[in-house]
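Hi,

Here is the structure I promised to pass on. Have a look at it first, and my notes follow below.

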Amino acid sequence: MKHYSTYGLVFCLLLLAAGCTNPRWMVKESHSVDNSDFRVLTSREFPAIARPPTPEEPVLDLQIMSRPTNEYAEKVLMERYVQDYKIRPLFFTFGIAGAATAFYLANSNSVKQVDGRLETVALNGIGGLLTIATAFNFQSSGEPRPTGEERYLRTTGYDIRTDTTRVTASLQDSAYVTVRYGEREISERQRFEISGGALRVDLGTALSSANITDIAPDSVEITIGYSDSTFAFAFPLESILRPFARVETPTTELRNAPVDSTENILADLVEGSQLQIVERVEENWYKVLYGISENYVSRDDVSLVWRTSDFAQQNQVVAVPSVPFGRIDVENNIPILNYYNPNGVALIIGNEEYKGSYDTRTYTGRDLKLLETYIDDALGYPDRNIFKLENIRSRKRLDSVLALMRQTVTDSSEIFVYISGYGTMIQQEEDHRPAYLFSPGDDQQDPLDLISLYQAVAAFPARQTVVVSHIDFSRSVQESGAGNLPLQTFSQPLYNSAITLANENDGLALLISSEPDQSTHTYFGGEQNDKKHHIFPYYFARALQQRRTKLSDIFEFLQRNVSYTARKLHDEPEDPMIFGNQTIDLAGE
């Protein structure tokens with residue numbers, strides 16, 4: 001039994017020694033930063049852009065960030081590995097054989113034992129040593145496998161790092177914000193709350209209320225006062241707001257093409273309406289958004305203003321449907337007051353196009369067409385004797401027409417002159433004289449002296465001459481009167497000239513639409529009171545429509561209706577005046 005136990009023990013040792021593993025620690029990095037072992041040197045909080053403003057959402061979102069500077073310890077980093085081992089076949093074979101022989105000899109009866117069995121013990125010892133040597137004589141198998149276990153040993157140095165981290169609980173609960181546009185200060189040190197480390201600055205409301213009208217916009221600068229420091233951010237205005245076209249005239253046409261034509265008018269936009277500008281088209285037009293469609297408005301009738309992109313959704317457009325000529329009450333049912341008047345000669349002048357401080361004179365073109373229609377259809381003037389000048393830019397065209405009229409008129413002629421547009425007061429020596437402003441052009445000329453025009457017309461050898469002046473002098477009078485000059489300084493020369501002309505010609509009458517300091521208004525007071533004309537020419541045509549042909553009757557009708565309507569719709573006066581022969585009948589004898 002002893003032999004079998006010995007052999008069994010040897011066999012178990014051999015099985016255990018057939019393969020094994022051995023863990024060991026190895027140096028992974030000699031200067032590894034231990035993130036858990038540090039000290040804070042400095043720390044600073046500051047606002048950073050989390051989301052920039054856009055026209056769709058003109059809000060600047062800021063996040064409070066921290067920038068600490070820390071000193072981290074550098075240490076020796078150790079990592080634990082596991083190595084597999086396997087036996088060496090040849091060495092194993094000889095080792096086992098030698099151990100087995102030693103054990104056999106030590107425990108066999110064939111070996112003579114003497115004195116305490118010394119030989120037996122020695123052989124067993126040799127067998128054991130051979131067994132142990134064989135069991136632990138392995139060779140490594142494969143690469144060491146990391147276990148993921150790491151540990152730091154001694155400190156070898158230090159590493160200084162500056163990090164940027166998000167702050168959810170800031171040092172302060174508010175910041176002070178100043179918004180500037182170019183050289184303008186929009187808002188100064190306005191207090192904004194900080195919540196959860198976030199700061200929101202509403203730029204759209206502040207900038208929209210600033211009424212910015214620059215065609216070439218500047219930048220917007222936002223200054224943040226936080227934690228005893230000042231931080232500045234700048235953005236182009238176009239990245240925050242959108243350009244809008246604001247109607248500055250009583251009405252302007254919305255067109256489907258950038259062409260000045262009666263065929264492409266979609267609607268009339270009322271003063272104050274604002275539409276988003278898509279782009280500038282040539283020199284005279286803006287492409288604008290009306291709903292989802294792209295249309296056009298004249299640049300002369302609008303001004304550019306910067307608004308938030310949702311401004312167009314706030315009912316900022318008042319549009320009146322376009323009405324073709326002939327649909328207004330005075331444009332149809334025109335009576336025949338004189339079937340044919342071969343002696344009739346008419347001159348119709350009107351300027352609608354103006355720029356700069358003088359707004360486009362809306363409806364002037366339609367007024368001219370209305371007067372032309374009544375002169376032709378109601379009074380029976382021959383077409384060849386009706387001279388029409390629209391948007392004249394120089395005296396040359398007018399002189400040519402006056403020369404043609406001079407060849408046409410005779411002692412029997414009945415001359416009718418209608419002139420509409422803006423006027424000004426020009427100073428000659430110590431007096432002021434009324435003058436007519438030409439439409440702007442490349443060869444801009446001085447205003448036309450109206451007294452000289454009236455005198456030229458009065459000099460024609462005609463049986464009767466009626467001059468109807470629908471000219472607005474109010475802006476010129478207001479600008480010239482800045483020095484508190486009395487109104488009489490401007491009005492008296494006009495009155496004196498009119499009286500002189502009337503006294504020198506019994507067959508002449510001068511009908512003036514308003515006093516020099518009064519505006520000439522459009523007949524517009526909302527959709528229910530939109531006649532598409534100025535008040536004065538509307539009621540002049542209305543009087544003819546009611547068969548009032550004598551000047552005294554026409555003037556009485558104008559006195560009663562023009563001023564009343566102007567006060568009702570615009571809360572301003574507009575008082576017509578007449579000089580000369582009021583017995584003239586426009587229908588002839």
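Let me start with strand β20: G344, A346, I348 and G350 point one way from it, V345, L347 and I349 point the other way, and all are buried (buried is under 20% relative accessible area, exposed is over 50%, partly exposed lies in between, with a 1.4 Å probe and protein chains only). That makes 7 of 7 residues of β20 buried, so the strand is mostly covered. Helices (H or I, at least four residues) and strands (E, at least two) are DSSP runs, numbered from the N terminus.

Before you go further: this is a predicted model, where local features need pLDDT of at least 70 and side-chain atom pairs count only at pLDDT 80 or more, while totals for chains, interfaces and linings use all residues. Residues are numbered from 1 along each chain as its sequence is written, and side-chain values use heavy atoms, with hydrogens and water left out.

Back to β20 and its partners. Two strands count as paired if DSSP finds at least two bridges between them. β20 runs parallel to strand β22 (residues 414-428), with 7 bridges joining them, and G344 has E414 as its bridge partner there. β20 is also parallel to strand β21 (residues 386-390), through 5 bridges; in that pairing G350 is matched with E390.

The whole chain

The chain has 589 residues, and 47% of them are buried. Its secondary structure comes to 11 helices and 29 strands. Of the contacts (heavy atoms within 4.5 Å) with a separation of 6 or more, 73% are between residues 24 or more positions apart. The accessible surface is about 29600 Å², and carbon and sulfur atoms hold 49% of that; the areas come from the Shrake-Rupley method with a 1.4 Å probe, and for residues only the protein chains shown count as cover.

Strand β3 and what pairs with it

How many of the residues of strand β3 (residues 59-66) are buried? The count is 8 of the 8, so β3 is largely enclosed by the rest of the structure. V59, D61, Q63 and M65 face one way, and L60, L62, I64 and S66 face the other.

β3 has these antiparallel pairings:
- Strand β2 (residues 45-51) is joined to β3 by 6 bridges and runs antiparallel to it; I49 is matched with L62.
- Strand β9 (residues 198-202) pairs with β3 in the antiparallel sense over 5 bridges, with A198 as the bridge partner of Q63.
- Strand β6 (residues 165-166) pairs with β3 in the antiparallel sense over 2 bridges, and T165 stands opposite S66.

An open sheet

Another part to look at is an open, antiparallel sheet of 4 strands in the order β8-β7-β10-β11. Its edge strands, β8 (184-193) and β11 (229-236), each pair on one side only. The twist averages 20 degrees from one strand to the next (axes are lines fitted to C-alpha atoms, for helices over the stretch in contact, and angles run from 0 to 180 degrees between N-to-C directions). Within this sheet, β7 (residues 174-181) is joined to β8 by 7 bridges, and V177 sits opposite Q190.

Salt bridges

The count is 31 salt bridges, each being a side-chain nitrogen of Lys or Arg within 4 Å of a carboxyl oxygen of Asp or Glu. One of them joins E149 and R80 at 3.3 Å, N to O. That pair links distant parts of the chain, with E149 in strand β5 (residues 138-162) and R80 in strand β4 (residues 69-87), 69 residues apart. E149 is partly exposed at 36% relative accessible area, and R80 is partly exposed at 27%.

D530 and K532 form another, with the closest N and O atoms 2.9 Å apart. Are these two buried or exposed? D530 counts as buried at 10% relative accessibility, and K532 counts as buried at 1%.

Two more spots

R246 lies in strand β12 (residues 242-247) and is buried at 17% relative accessibility. Its C-alpha atom is 5.1 Å from that of V302, although the two are 56 residues apart along the chain. Leaving aside neighbours within four places in sequence, the contacts of R246 include N211, G272, D301 and R307.

Cheers
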